[in-house]
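Thanks for making time. I will go through one two-chain model, starting from a single residue and working outwards.

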Amino acid sequence: MGAVYKKELRGYFSSPIGFVFIAVVFFLSGVFFLSSNILAGTADMRGFFSQYQEIVIFVIPMLTMRTWSDEKRNKTDQALLTAPVGLTRITLGKFFAALTVYGIAASVTVVYALTLATAADVDGLVVASNVFGMMLVGAAMVAVGMFISNLTESQVVAAVLTFAVALVTVLMESVALVIPVEWIANAVLALSVFSRYNDFSVGMFNFSDVLYYISIAVIFTFLTVRSLEKRRWK
Amino acid sequence: MIEVKNLVKRFGGKAAVNDISFTVHDGEVLGFLGPNGAGKTTTMNMLTGYLSSTSGSITISGYDILAQPELAKSKIGYLPEKPPLYPDMTVEEYLDFIYELKGCTLKRYDHIKEICELVGIEHVYGRVIKHLSKGYQQRVGLAQALVGNPEVLILDEPTVGLDPRQIIEIRNLIRRLGEKHTVIFSTHILSEVQAVCERILVINDGKIVADDTPDSLSVKLYGDNRLTVRVAGPADGVYRAMRALDGVKKCELLGIKEKGSVDINVESAAGADMRIPIFRVCAENGWPLLGIKNTELDLEDIFMKLTGPEEDIPAQAQKKVRRLKSRGSASGGTLDDVSEGTKAAKRAAKAERAKKKK
């Protein structure tokens, strides 16, 4: 796992992808921080986080699009899959590398919070729960993105599909609101990755929410391993 | 040691590998020979655990590739048809990565240095892989397979796309590797197998059609007595004369390759030396004998022999004679005149064009 993790991490930063990803996240978060805190003149970061999170999820496909599709196209997966290493360890190495880059990008919010704290009272709990929640959402989306990347040989197809999934999960909440039948609305809401995030954004750690995101990450990582396995058997 | 038993792989309904079994002993160099699409790559992918078999078993040094994949894989170094290289890495980074990926426990610096010297990439060690030539990329791929000093090396068409000098270098390297490792390598070039292997496995349509040493295979196929004869004489006359010789089993007209002559393939029974009788019959008829040489075994012939339906070669040759003759008579000249006439005209036109250019 360590070898794959290191290789992937180096891959992000030996090509522009890692830097572009971080730059985009820094830029967007800077804009939101400026509008919802600095210009609005408030130390309440809840508005900032809820906006920020919804945008960040659309950048994640950049991180995951090439994880497997590139390996398949270059046939480098042959080196990985014929090495004496289990598929789960390879998949986890890739997963944690993507999550690390995401974490580096997301950590900028802590810098904003500290900046703000020099001039006003910042609710530490809100910052902590949001950063924690952000990592969970990131983990879930990275796992989904990597699974999609494993289904295709084309980076572009992987990116577009992952983007579409992100879009659907964001829209689900609004869709659920207009569905009159309650159980259908609830079912749709369950698919909405964001409805679970609301508690984090206001500073609440809810165990079921934590479990929800971790489950998504585990399930999709598992599916990635299975689909690697399946390709050998087809 | 590698043991393959009743290996089958189906893609959909089509069997790419159809019930093959073989054993490779320690220290053996096995050539896997077959045309494209014969199932060589599929078999190798199964041997290395990249693909799973539909049925049958593969054991590498006692470990089943499906039951104990990690142990079995740790015994194998694999160079796939397209080397699995990360184009953005330097050779150093790449080999480091492979070293860690394989969980190698040998001394890193010494081990990698030794491999680089062996395959001759020490002077491109710091360069980015995508900037290397195809030959060097192939060598880096080979280096990758050698990391961890695996007992078994599986090389899928290691010389494809290389220039003749590189091919010879890689062949020599494989021969040297064969001293320490068990090597299976695939190719569709026959001379390669002859140059490198002690044993050859011919595979066609997913089945093993021959398993032998290169020498005895060629003896078996031809009885070592196949000559190509070039005679300045009429095609049908020469053909008939050769056919009539004592000890000739088969004759085949190869057509006209030099002006005023005809090429014929003469195959005789094992042990019979036909060179003198051929010379005599040519002398009697007053046809100058322009050349005799041993026909080299080529892959196409092997497959014709091993896999193709039994062909009636004399009948085919007869047809060829008739065809050549009818072409000749249609234009009102003899066979030789016609073809030579047109060829000479072409040559003259070409020479003229060349002159004009100057």
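Ile278(B) sits in helix H10 of chain B, which covers residues 275-285. This is a predicted model, so what I say about local features is limited to residues with pLDDT of at least 70. Is Ile278(B) buried or exposed? There are 22 other C-beta atoms within 10 Å of Ile278(B), and the cut-off for buried is 20 or more, so Ile278(B) is buried.

Which residues does Ile278(B) touch, once neighbours within four places in sequence are left aside? The contacts are Val229(B), Leu245(B), Val266(B) and Ile292(B). Gly260(B) is 18 residues away from Ile278(B) along the chain, and the two C-alpha atoms are 18 Å apart.

Now the nonpolar cores. The largest one has 128 residues. Those with the most contacts inside this core are Ala140(A), Val142(A), Ala143(A), Tyr94(B) and Ala143(B), so residues of both chains appear in that list. Helix H9 of chain A, residues 124-151, gives the most to this core, with 14 residues. Ile278(B) belongs elsewhere: there is a second, separate core of 17 residues, and Ile278(B) is in it, along with Val231(B), Ala241(B) and Met274(B), among others. As background, nonpolar side chains tend to be buried together in soluble globular proteins.

Back to the 128-residue core for one example. Ala143(A) touches Phe95(A), Ile216(A), Ala217(A), Phe220(A) and Thr221(A), again not counting residues up to four places away in sequence.

Next, chain A as a whole. How many helices and strands does chain A have? The count is 13 helices and zero strands, so read from the N terminus every element in the order is α. Of its 234 residues, 41% count as buried. Taken along the principal axes, the C-alpha atoms of chain A fill a box of roughly 55 × 45 × 30 Å. The radius of gyration of chain A is 19 Å; a compact globule with 234 residues would have a value near 17 Å, and the two agree. In chain A, among contacts with a separation of 6 or more, 77% are between residues 24 or more positions apart.

Chain B is a mixture: 13 helices and 14 strands. Chain B has 358 residues, and buried residues make up 38% of them. For contacts in chain B between residues at least 6 apart in sequence, the share joining residues at least 24 apart is 68%.

Two pieces of the strand architecture in chain B are worth showing. The first is an open sheet of four strands in the order S2-S1-S4-S5, with antiparallel pairing. Why is one side of S2(B) and of S5(B) left without a neighbour in the sheet? Strand S2, residues 14-24, and strand S5, residues 63-64, stand at the edges and each has a single partner strand, so one side of each stays unpaired in the sheet. For S5(B) that partner is strand S4 of chain B, residues 55-60, joined to it antiparallel by two bridges. Within this pair, Ile60(B) stands opposite Tyr63(B).

The second piece is strand S8 of chain B, residues 182-187. Six of its six residues are buried, so S8(B) is largely enclosed by the rest of the structure. Side chains in a regular strand alternate between the two faces of the sheet. Both faces of S8(B) are covered: Thr182(B), Ile184(B) and Ser186(B) are buried on one side, and Val183(B), Phe185(B) and Thr187(B) are buried on the other.

S8(B) has pairing with strand S3 of chain B, residues 29-33, parallel and over five bridges. Here Gly31(B) has Phe185(B) as its bridge partner. S8(B) also pairs with strand S7 of chain B, residues 152-156, again parallel and over five bridges. In that pair Asp156(B) stands opposite Ser186(B). Between S7(B) and S8(B) the chain crosses through helix H6 of chain B, residues 164-177, and this β-α-β crossover is right-handed.

Last, the interface. 18 residues of chain A are in contact with 23 residues of chain B. On the chain A side, helix H1 (2-14), helix H6 (77-81) and helix H13 (207-233) each supply at least two residues. H1(A) gives the most, with five residues. By type, the chain A side divides into eight nonpolar, seven polar and three charged residues.

Definitions and conventions:
Residues numbered from 1 in each chain as written. Chains lettered and ligands numbered in written order. Predicted model: local features only at pLDDT ≥ 70, side-chain atom pairs only at ≥ 80, totals over all residues. Buried ≥ 20, exposed ≤ 12 C-beta atoms within 10 Å, placed from the backbone. Pairing = 2+ DSSP bridges. Right-handed = clockwise from strand over helix to strand, strands pointing away. Contact = placed C-beta atoms within 7 Å. Nonpolar A, V, L, I, M, F, W, Y, C, P; charged D, E, K, R; others polar. Rg over C-alpha atoms; globule rule 2.2 N^0.38 Å. Core = buried A, V, L, I, M, F, W, Y, C linked by C-beta atoms within 7 Å.
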